[in-house]
Amino acid sequence: NEQLAQLRCAAERLDGLTATTIHGFCQILLADFAVEADIDPGAQVIDEEQAKAMFERVFDAWLTRRLSGPGSEEDPILLLTREDPRGVVQLFRDIATERRRHRTARAPHPDFAGRPDLELSDAVDSLKRWSLAAPQDQFITRLADELQVLGFQFTDCFAAPPDFAQLWRLAHPERSPRMTREGYELIRPRTEHIWRKVAGIDEAPSLEAAFQAEFERVDTAYRKLLAVIASAITARLSQELDEVLADYAGAKRAAAVLDFDDLLELAVAMLRGHPTVRTAISRRFKYLLVDEFQDTD
(Lines give C-alpha, C1' and ligand atoms only; values in the text may rest on other atoms or scores of the structure.)
Protein backbone atom coordinates (compact mmCIF):
# COMPACT_ATOMS: atom_id res chain seq x y z
CA ASN A 1 0.00 0.00 0.00
CA GLU A 2 2.84 2.40 0.84
CA GLN A 3 4.54 1.75 -2.49
CA LEU A 4 1.30 2.19 -4.36
CA ALA A 5 0.74 5.53 -2.65
CA GLN A 6 4.21 6.68 -3.64
CA LEU A 7 3.61 5.66 -7.24
CA ARG A 8 0.33 7.57 -7.33
CA CYS A 9 2.05 10.64 -5.88
CA ALA A 10 4.83 10.35 -8.45
CA ALA A 11 2.32 9.98 -11.30
CA GLU A 12 0.63 13.20 -10.32
CA ARG A 13 4.00 15.02 -10.50
CA LEU A 14 5.32 13.28 -13.60
CA ASP A 15 4.80 16.36 -15.75
CA GLY A 16 7.38 18.15 -13.62
CA LEU A 17 10.09 15.80 -14.85
CA THR A 18 12.57 17.33 -17.32
CA ALA A 19 14.47 14.83 -19.47
CA THR A 20 17.03 16.34 -21.81
CA THR A 21 20.69 16.59 -22.69
CA ILE A 22 23.14 18.78 -20.78
CA HIS A 23 23.00 21.33 -23.59
CA GLY A 24 19.21 21.14 -23.69
CA PHE A 25 19.04 21.69 -19.93
CA CYS A 26 21.23 24.79 -20.23
CA GLN A 27 19.03 26.05 -23.06
CA ILE A 28 15.96 25.74 -20.82
CA LEU A 29 17.65 27.77 -18.10
CA LEU A 30 18.75 30.47 -20.52
CA ALA A 31 15.33 30.73 -22.12
CA ASP A 32 13.68 31.22 -18.74
CA PHE A 33 16.20 33.85 -17.62
CA ALA A 34 17.24 35.51 -20.87
CA VAL A 35 17.49 38.96 -19.31
CA GLU A 36 19.82 37.78 -16.57
CA ALA A 37 21.85 35.82 -19.14
CA ASP A 38 22.08 38.96 -21.31
CA ILE A 39 20.89 37.22 -24.47
CA ASP A 40 18.13 37.83 -26.99
CA PRO A 41 15.00 36.00 -25.72
CA GLY A 42 14.41 34.77 -29.23
CA ALA A 43 17.98 33.60 -29.83
CA GLN A 44 18.22 30.42 -31.90
CA VAL A 45 20.75 27.64 -31.42
CA ILE A 46 22.88 26.84 -34.46
CA ASP A 47 24.48 23.45 -35.04
CA GLU A 48 28.20 22.82 -35.28
CA GLU A 49 28.37 23.13 -39.07
CA GLN A 50 26.57 26.48 -39.00
CA ALA A 51 28.82 27.69 -36.18
CA LYS A 52 31.92 26.59 -38.08
CA ALA A 53 30.79 28.39 -41.23
CA MET A 54 30.09 31.59 -39.29
CA PHE A 55 33.46 31.40 -37.56
CA GLU A 56 35.22 30.90 -40.89
CA ARG A 57 33.58 34.04 -42.28
CA VAL A 58 34.58 36.02 -39.20
CA PHE A 59 38.14 34.71 -39.39
CA ASP A 60 38.50 35.55 -43.09
CA ALA A 61 37.20 39.08 -42.48
CA TRP A 62 39.61 39.54 -39.56
CA LEU A 63 42.62 38.30 -41.53
CA THR A 64 41.78 40.53 -44.49
CA ARG A 65 41.48 43.51 -42.15
CA ARG A 66 44.79 42.78 -40.46
CA LEU A 67 46.69 42.27 -43.71
CA SER A 68 45.27 45.38 -45.34
CA GLY A 69 46.03 47.67 -42.40
CA PRO A 70 49.20 49.73 -41.95
CA GLY A 71 50.70 47.30 -39.45
CA SER A 72 54.24 47.55 -38.08
CA GLU A 73 57.53 45.69 -38.25
CA GLU A 74 56.67 44.04 -34.93
CA ASP A 75 53.21 42.87 -36.03
CA PRO A 76 53.28 39.04 -35.78
CA ILE A 77 50.60 38.68 -38.44
CA LEU A 78 52.50 40.68 -41.05
CA LEU A 79 55.84 39.18 -40.09
CA LEU A 80 54.66 35.58 -40.46
CA THR A 81 52.83 36.39 -43.67
CA ARG A 82 56.11 37.54 -45.16
CA GLU A 83 57.97 34.52 -43.80
CA ASP A 84 55.53 31.90 -45.05
CA PRO A 85 52.62 33.37 -47.03
CA ARG A 86 51.20 29.96 -47.92
CA GLY A 87 51.45 28.25 -44.57
CA VAL A 88 50.69 31.13 -42.26
CA VAL A 89 46.98 31.35 -43.07
CA GLN A 90 46.49 27.69 -42.16
CA LEU A 91 48.58 28.18 -39.04
CA PHE A 92 46.39 31.05 -37.86
CA ARG A 93 43.26 29.18 -38.84
CA ASP A 94 44.30 26.12 -36.83
CA ILE A 95 45.11 28.18 -33.74
CA ALA A 96 41.87 30.16 -34.09
CA THR A 97 39.89 26.93 -34.36
CA GLU A 98 41.45 25.63 -31.14
CA ARG A 99 40.70 28.93 -29.45
CA ARG A 100 37.05 28.59 -30.47
CA ARG A 101 36.90 25.05 -29.11
CA HIS A 102 38.57 26.09 -25.85
CA ARG A 103 37.63 29.75 -25.73
CA THR A 104 38.25 30.24 -22.02
CA ALA A 105 41.75 28.73 -22.20
CA ARG A 106 44.80 30.95 -22.35
CA ALA A 107 48.35 30.10 -23.33
CA PRO A 108 50.69 30.39 -20.32
CA HIS A 109 53.15 33.24 -20.40
CA PRO A 110 56.75 31.99 -20.60
CA ASP A 111 59.22 32.61 -17.81
CA PHE A 112 62.22 34.38 -19.32
CA ALA A 113 63.55 35.13 -15.84
CA GLY A 114 64.63 31.51 -15.50
CA ARG A 115 67.25 32.26 -18.17
CA PRO A 116 67.32 28.95 -20.06
CA ASP A 117 69.76 30.66 -22.43
CA LEU A 118 72.33 30.74 -19.63
CA GLU A 119 71.65 27.08 -18.85
CA LEU A 120 72.42 26.16 -22.45
CA SER A 121 75.55 28.28 -22.49
CA ASP A 122 76.84 26.66 -19.28
CA ALA A 123 76.02 23.16 -20.56
CA VAL A 124 77.79 23.72 -23.88
CA ASP A 125 80.85 25.17 -22.15
CA SER A 126 80.93 22.23 -19.77
CA LEU A 127 80.88 19.72 -22.62
CA LYS A 128 83.61 21.66 -24.41
CA ARG A 129 85.86 21.65 -21.34
CA TRP A 130 85.22 17.96 -20.78
CA SER A 131 86.09 17.13 -24.39
CA LEU A 132 89.42 18.99 -24.08
CA ALA A 133 90.33 17.00 -20.96
CA ALA A 134 89.25 13.63 -22.39
CA PRO A 135 91.33 11.47 -24.74
CA GLN A 136 91.38 13.37 -28.02
CA ASP A 137 89.35 12.31 -31.05
CA GLN A 138 88.51 14.32 -34.16
CA PHE A 139 84.78 13.49 -34.09
CA ILE A 140 84.36 14.45 -30.41
CA THR A 141 86.25 17.71 -30.94
CA ARG A 142 84.15 18.59 -33.98
CA LEU A 143 80.90 17.69 -32.17
CA ALA A 144 81.78 19.92 -29.21
CA ASP A 145 82.63 22.77 -31.58
CA GLU A 146 79.35 22.36 -33.49
CA LEU A 147 77.32 22.45 -30.30
CA GLN A 148 79.22 25.52 -29.20
CA VAL A 149 78.38 27.26 -32.49
CA LEU A 150 74.72 26.34 -31.97
CA GLY A 151 74.82 27.72 -28.43
CA PHE A 152 76.29 31.03 -29.64
CA GLN A 153 73.02 31.72 -31.50
CA PHE A 154 71.19 31.92 -28.17
CA THR A 155 73.79 33.81 -26.14
CA ASP A 156 71.99 36.24 -23.78
CA CYS A 157 68.84 36.03 -25.92
CA PHE A 158 66.72 36.45 -22.76
CA ALA A 159 68.82 39.15 -21.13
CA ALA A 160 65.86 41.37 -22.04
CA PRO A 161 62.38 40.17 -23.08
CA PRO A 162 62.58 39.49 -26.84
CA ASP A 163 60.02 40.88 -29.27
CA PHE A 164 58.13 38.60 -31.64
CA ALA A 165 60.59 39.01 -34.52
CA GLN A 166 63.43 37.92 -32.25
CA LEU A 167 61.42 34.98 -30.96
CA TRP A 168 60.70 33.83 -34.49
CA ARG A 169 64.39 33.98 -35.41
CA LEU A 170 65.33 32.07 -32.26
CA ALA A 171 62.76 29.39 -33.11
CA HIS A 172 64.54 28.84 -36.42
CA PRO A 173 68.26 28.64 -35.62
CA GLU A 174 70.82 28.03 -38.33
CA ARG A 175 71.07 24.39 -39.28
CA SER A 176 73.67 22.31 -37.49
CA PRO A 177 75.06 18.87 -38.38
CA ARG A 178 73.94 17.86 -34.89
CA MET A 179 70.25 18.37 -35.77
CA THR A 180 67.79 15.88 -37.16
CA ARG A 181 67.10 16.18 -40.87
CA GLU A 182 63.52 17.46 -40.59
CA GLY A 183 63.61 19.34 -37.30
CA TYR A 184 65.74 21.19 -34.81
CA GLU A 185 66.15 18.38 -32.30
CA LEU A 186 69.64 17.17 -31.52
CA ILE A 187 70.81 13.73 -32.65
CA ARG A 188 72.19 11.71 -29.76
CA PRO A 189 75.56 10.29 -30.79
CA ARG A 190 76.78 6.84 -29.76
CA THR A 191 80.50 7.07 -29.19
CA GLU A 192 81.57 4.04 -27.17
CA HIS A 193 83.45 2.64 -30.19
CA ILE A 194 85.43 5.90 -30.30
CA TRP A 195 86.48 5.58 -26.67
CA ARG A 196 87.51 1.99 -27.24
CA LYS A 197 89.77 3.16 -30.05
CA VAL A 198 91.37 6.09 -28.22
CA ALA A 199 91.39 4.83 -24.61
CA GLY A 200 90.97 1.07 -24.68
CA ILE A 201 88.22 -1.38 -23.79
CA ASP A 202 88.53 -0.91 -20.03
CA GLU A 203 88.19 2.88 -20.08
CA ALA A 204 85.52 3.08 -22.79
CA PRO A 205 82.39 2.49 -20.62
CA SER A 206 83.23 5.23 -18.10
CA LEU A 207 84.18 7.69 -20.84
CA GLU A 208 80.98 6.93 -22.73
CA ALA A 209 78.88 7.43 -19.59
CA ALA A 210 80.60 10.73 -18.81
CA PHE A 211 80.23 11.98 -22.37
CA GLN A 212 76.54 11.01 -22.51
CA ALA A 213 75.92 12.84 -19.23
CA GLU A 214 77.49 15.99 -20.67
CA PHE A 215 75.51 15.66 -23.89
CA GLU A 216 72.30 15.02 -21.95
CA ARG A 217 72.81 18.24 -20.07
CA VAL A 218 73.20 20.15 -23.35
CA ASP A 219 70.20 18.43 -24.91
CA THR A 220 67.98 19.09 -21.89
CA ALA A 221 68.94 22.78 -21.75
CA TYR A 222 68.42 23.12 -25.50
CA ARG A 223 64.98 21.49 -25.38
CA LYS A 224 63.97 23.68 -22.45
CA LEU A 225 65.09 26.78 -24.33
CA LEU A 226 63.13 25.87 -27.45
CA ALA A 227 60.08 25.07 -25.33
CA VAL A 228 60.18 28.54 -23.74
CA ILE A 229 60.53 30.13 -27.19
CA ALA A 230 57.65 28.07 -28.58
CA SER A 231 55.47 28.94 -25.57
CA ALA A 232 56.20 32.63 -26.03
CA ILE A 233 55.28 32.48 -29.73
CA THR A 234 52.09 30.55 -28.99
CA ALA A 235 51.07 32.97 -26.26
CA ARG A 236 51.59 35.97 -28.54
CA LEU A 237 49.69 34.46 -31.47
CA SER A 238 46.89 33.35 -29.18
CA GLN A 239 46.66 36.89 -27.84
CA GLU A 240 46.43 38.26 -31.38
CA LEU A 241 43.46 35.97 -32.01
CA ASP A 242 41.47 37.47 -29.13
CA GLU A 243 40.09 39.82 -31.80
CA VAL A 244 38.69 36.88 -33.76
CA LEU A 245 36.82 35.51 -30.75
CA ALA A 246 35.47 38.97 -29.95
CA ASP A 247 34.32 39.39 -33.57
CA TYR A 248 32.72 35.93 -33.50
CA ALA A 249 30.83 36.75 -30.30
CA GLY A 250 29.67 40.03 -31.86
CA ALA A 251 28.50 38.30 -35.04
CA LYS A 252 26.45 35.79 -33.05
CA ARG A 253 24.91 38.50 -30.93
CA ALA A 254 23.97 40.54 -34.00
CA ALA A 255 22.37 37.47 -35.60
CA ALA A 256 20.67 36.44 -32.31
CA VAL A 257 22.16 32.97 -32.38
CA LEU A 258 24.03 30.76 -29.90
CA ASP A 259 26.36 27.86 -30.55
CA PHE A 260 26.54 24.74 -28.39
CA ASP A 261 29.38 26.04 -26.24
CA ASP A 262 27.47 29.26 -25.58
CA LEU A 263 24.73 27.21 -23.94
CA LEU A 264 27.17 25.79 -21.41
CA GLU A 265 29.23 28.92 -20.78
CA LEU A 266 26.33 31.37 -20.57
CA ALA A 267 24.39 29.09 -18.23
CA VAL A 268 27.41 28.77 -15.92
CA ALA A 269 28.01 32.53 -15.97
CA MET A 270 24.37 33.22 -15.22
CA LEU A 271 24.25 30.82 -12.28
CA ARG A 272 27.47 32.19 -10.84
CA GLY A 273 26.48 35.80 -11.25
CA HIS A 274 22.84 35.81 -10.14
CA PRO A 275 21.96 34.40 -6.70
CA THR A 276 18.25 34.98 -7.31
CA VAL A 277 18.43 32.81 -10.44
CA ARG A 278 20.20 30.05 -8.49
CA THR A 279 17.49 30.18 -5.84
CA ALA A 280 14.67 29.99 -8.39
CA ILE A 281 16.28 27.11 -10.28
CA SER A 282 17.07 25.16 -7.10
CA ARG A 283 13.39 25.35 -6.15
CA ARG A 284 12.33 24.11 -9.57
CA PHE A 285 14.91 21.33 -9.87
CA LYS A 286 15.42 19.59 -6.54
CA TYR A 287 17.22 16.55 -7.97
CA LEU A 288 19.53 15.96 -10.92
CA LEU A 289 20.12 12.50 -12.37
CA VAL A 290 22.96 12.49 -14.89
CA ASP A 291 23.23 9.44 -17.13
CA GLU A 292 26.49 8.55 -18.93
CA PHE A 293 28.32 11.43 -17.25
CA GLN A 294 31.55 10.47 -19.04
CA ASP A 295 30.01 11.66 -22.33
CA THR A 296 29.56 15.25 -21.14
CA ASP A 297 32.25 17.88 -21.57
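In these legends a residue counts as buried when its relative accessible area is under 20%, and the structure shown throughout is a predicted model.

**Close-up 1. An aromatic pair formed by Phe 55 and Tyr 248.** The rings of Phe 55 and Tyr 248 meet edge-to-face, with 5.1 Å from centre to centre and 90 degrees between their planes. Phe 55 belongs to helix H4 (residues 48-68) and Tyr 248 to helix H12, so the pair ties together parts of the chain that are 193 residues apart in sequence. Tyr 248 has a relative accessibility of 2% and therefore counts as buried, and Phe 55, with a relative accessible area of 3%, is buried as well. This pair is one of 10 aromatic pairs counted in the model.

**Close-up 2. Arginine residues placed over aromatic rings.** Phe 55, which also pairs with Tyr 248, has Arg 100 lying over its face, at 5.5 Å from the ring centre. In another such arrangement, the charged end of Arg 175 sits over the ring of Tyr 184, at 5.5 Å from the centre of that ring.

**Close-up 3. A cluster of aromatic rings.** Trp 130, Trp 195, Phe 211 and Phe 215 are linked into a cluster by ring pairs.

**Close-up 4. The surroundings of Ser 131 in helix H7.** Ser 131 is part of helix H7, which covers residues 116-133, and with a relative accessible area of 4% this serine is buried. When residues up to four places away in sequence are left out of the count, Ser 131 touches Gln 136, Ile 140 and Ala 144.

**Close-up 5. The second largest pocket and its lining.** The second largest pocket of the model has a volume of about 380 Å³. It is lined by 17 residues, of which Ala 249, Lys 252, Leu 258, Asp 262 and Leu 266 are the closest to its centre. At least two lining residues come from each of helix H12 (242-255), strand S2 (257-258) and helix H13 (260-273), and helix H12 gives the most, with five residues. Sorted by type, the lining is made up of 10 nonpolar and seven charged residues, with no polar residues among them. Helix H12 thus appears in two of these views, since H12 contributes to the pocket lining and also holds Tyr 248, the partner of Phe 55 in the aromatic pair.

Definitions and conventions
Residues are numbered from 1 along each chain as its sequence is written. This is a predicted model: local features need pLDDT of at least 70, side-chain atom pairs count only at pLDDT 80 or more; totals for chains, interfaces and linings use all residues. Side-chain values use heavy atoms; hydrogens and water are left out. On a 1 Å grid over the protein atoms alone, a cavity is a set of points where a 1.4 Å probe fits but cannot get out, and a pocket is an open set with protein on both sides within 12 Å along at least five of seven lines; lining residues have an atom within 4 Å of a point. Grid points are joined across faces, edges and corners, and a volume is the space filled by probe spheres set on the points. Helices (H or I, at least four residues) and strands (E, at least two) are DSSP runs, numbered from the N terminus. Ala, Val, Leu, Ile, Met, Phe, Trp, Tyr, Cys and Pro count as nonpolar, Asp, Glu, Lys and Arg as charged, and the others, Gly among them, as polar. Rings of Phe, Tyr and Trp (its six-membered ring) pair if their centres lie within 6.5 Å; planes under 30 degrees apart count as stacked, over 60 as edge-to-face and the rest as tilted. Buried means under 20% relative accessible area, exposed over 50%, partly exposed in between (1.4 Å probe, protein chains only). A charge sits over a ring if NZ of Lys or CZ of Arg is within 6 Å of the ring centre and within 35 degrees of the ring normal. Contact means heavy atoms within 4.5 Å.
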